[in-house]
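Hi everyone, thanks for coming. I'd like to take a few minutes to walk you through one model, so please have a look at the screen.

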Amino acid sequence: MGEHIIKLPDVGEGVAEAELVEWHVKVGDMVREDTVLAAVMTDKATVEIPSPVDGEILWLGAEIGDTVAIGSPIVRLKVAGEGNVKPQGDAKAEAVAAEPPAKLPTPKPEAAAPAAKTTPKTATPEAKPAPAVAKSTGQRSISGAPRPEGERPLASPAVRLRAKEAGIDLRQVAGSGPAGRIGHDDIEAFLARGPQVAKASGLARNDAVEDIKVVGLRRKIAEKMTLSKSRIPHITYVEEIDVTALEELRAALNKEKRADRPKLTLLPFLMRAMVKAVAEQPQLNSLFDDEAGIIHQHGGIHIGIAAQTPSGLVVPVVKHAEARDIWDCGAEVNRLAEAAKSGTATRDELSGSTITITSLGAMGGIATTPVINHPEVAIIGVNKMMVRPVWDGTQFIPRKMMNLSSSFDHRVIDGWDAAVFVQRIKALLETPALIFVD
């Protein structure tokens, strides 16, 4: 018997470190070649690390949330044969252990927030407590019993999305994959058993406190929001928009649309209105480098669309909205939204925005205070649409109303300019025919 050390492999060109976001094994587990050991996140993608050999896990070299340098030891296994670790003095074995890390195939990027600076934290050979991960038995449990308190179920983003849509608490699902990983078959088996109703004996106090470490995409989102709020003095301007005429036009266009055109939502109209408003106030379509004291005013209008995904908030970007008509904008929004939700959006599709739209759809509330997507200088927030009584001078009539809550970088955008910009968008949306007039 021997020992084999697995080092963090090269997970992408130019990547010097990665954040450990998930362990799929624990000390004592038996693994086979190609068993997924862990998942790490770079600024480009989340990558799974497979085992190159069969063996038993002896040691895990990092904890969830640690930033690990490429080439650092992360797993030690007991293997049949010599392995790549020998007693001291064995020059051949030392050479094997010192080999540079293997290069993984280029990963398929998952939706990720813009990169944030991290401080490298290299794992050392000292043993660390292994995360609590359920050991797989290879058999599907039929009990559906919940996991121990504080234990996080293992599942892919696609499985998590499916469970969310079906209203299933993954903590109640037994996984049949390696280390208790939950797959689609486990979801189907859980649904086939029907709902598992817990017996309640009455009201009871719950003094449990769960500590959840902020890692992966959620940590990058937190860092991005902290940067935006700490460096940008926001001014938020809320305006009410009468979208009755716009909704009538949208319904008519969708009714008569060609087969090769997408169904229109509000967003393509708002995007085109923003393009026209930016043409009159180009300073709104800028990136502010506050360290250099330079405003980069862009000619191309690249509109970021803040989107919620199973992994968290990401911002896919519709490039060159100034060169797209209503239907082209709609088709691109649909394509990017699907890519973001499925985790297939590329880094290029998730970067390069010059101004952003954020919308919570039907849950948009009456007003919001959107956080600017640093280093941009403006963000347009869409609130929910509702029918309200509006006084027309003689009587109250029902109108479809919607608020826009928009934030601006007050260092470079004055309140007056922000108001003019929003009022121009309001005029275009309330008289939507103007959107189509060059």
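I'll talk about a cavity, then a pair of helices, and then a pocket.

Before we start, please keep in mind that this is a predicted model.

Let's begin with the cavity. How many cavities of 30 Å³ or more does a search of the whole structure find? The search finds one, and the space in this largest cavity is about 40 Å³. If you'd like to find it on the screen, look for Leu 8, Ala 18, Leu 20, Trp 23, Ala 38, Val 40, Ala 62, Val 68 and Ile 74, which line it. Two elements, β2 (17-23) and β4 (36-41), give two or more residues each to that lining. Of the elements, β2 gives the most, with three residues. As for the chemistry, the lining has nine nonpolar residues, with no polar and no charged ones.

Now to the helix pair. Please look at α6, residues 266-280, and α7, residues 326-342: these two helices pack with their axes 8 Å apart, at an angle of about 120°. Why do we call α6 oblique to α7? Because an angle of 65 to 115 degrees would count as roughly perpendicular and one over 145 as roughly antiparallel, and the rest count as oblique; the angle here is about 120°, and that makes α6 oblique to α7. The crossing of α6 with α7 is right-handed.

Which residues meet there? On the α6 side we have Leu 267, Pro 268, Phe 269, Met 271 and Arg 272, and on the α7 side Ile 326, Cys 329, Gly 330 and Val 333. Sorted by type, this contact has seven nonpolar residues, one polar and one charged.

Finally, let's turn to the second largest pocket, with a volume of about 1100 Å³. It is lined by 43 residues, and the closest to the centre are Ala 306, Ala 307, Thr 358, Ser 359 and Leu 360. Our two helices come back here: α6 and α7 each supply at least two residues of the lining, and so do α4 (216-231), β12 (303-309), β13 (312-314), β15 (355-359) and β16 (378-391). Which element has the largest share of this lining? That is β16, with six residues. By type, the pocket lining divides into 27 nonpolar, 12 polar and four charged residues.

That's my tour. Thanks for listening, everyone!

Terms used:
Residues numbered from 1 in each chain as written. Predicted model: local features only at pLDDT ≥ 70, side-chain atom pairs only at ≥ 80, totals over all residues. Heavy atoms only, no water. 1 Å grid on protein atoms, 1.4 Å probe; cavity = no way out; pocket = protein on both sides within 12 Å on 5 of 7 lines; lining within 4 Å. Points joined across faces, edges and corners; volume = space filled by probe spheres on them. Helix = DSSP H or I, 4+ residues; strand = E, 2+ residues; numbered from the N terminus. Nonpolar A, V, L, I, M, F, W, Y, C, P; charged D, E, K, R; others polar. Axes fitted to C-alpha atoms, helices over the stretch in contact; angles between N-to-C directions. Parallel < 35°, antiparallel > 145°, perpendicular 65-115°, else oblique. Left-handed = near helix turned anticlockwise from the far one by under 90°. Contact = heavy atoms within 4.5 Å.
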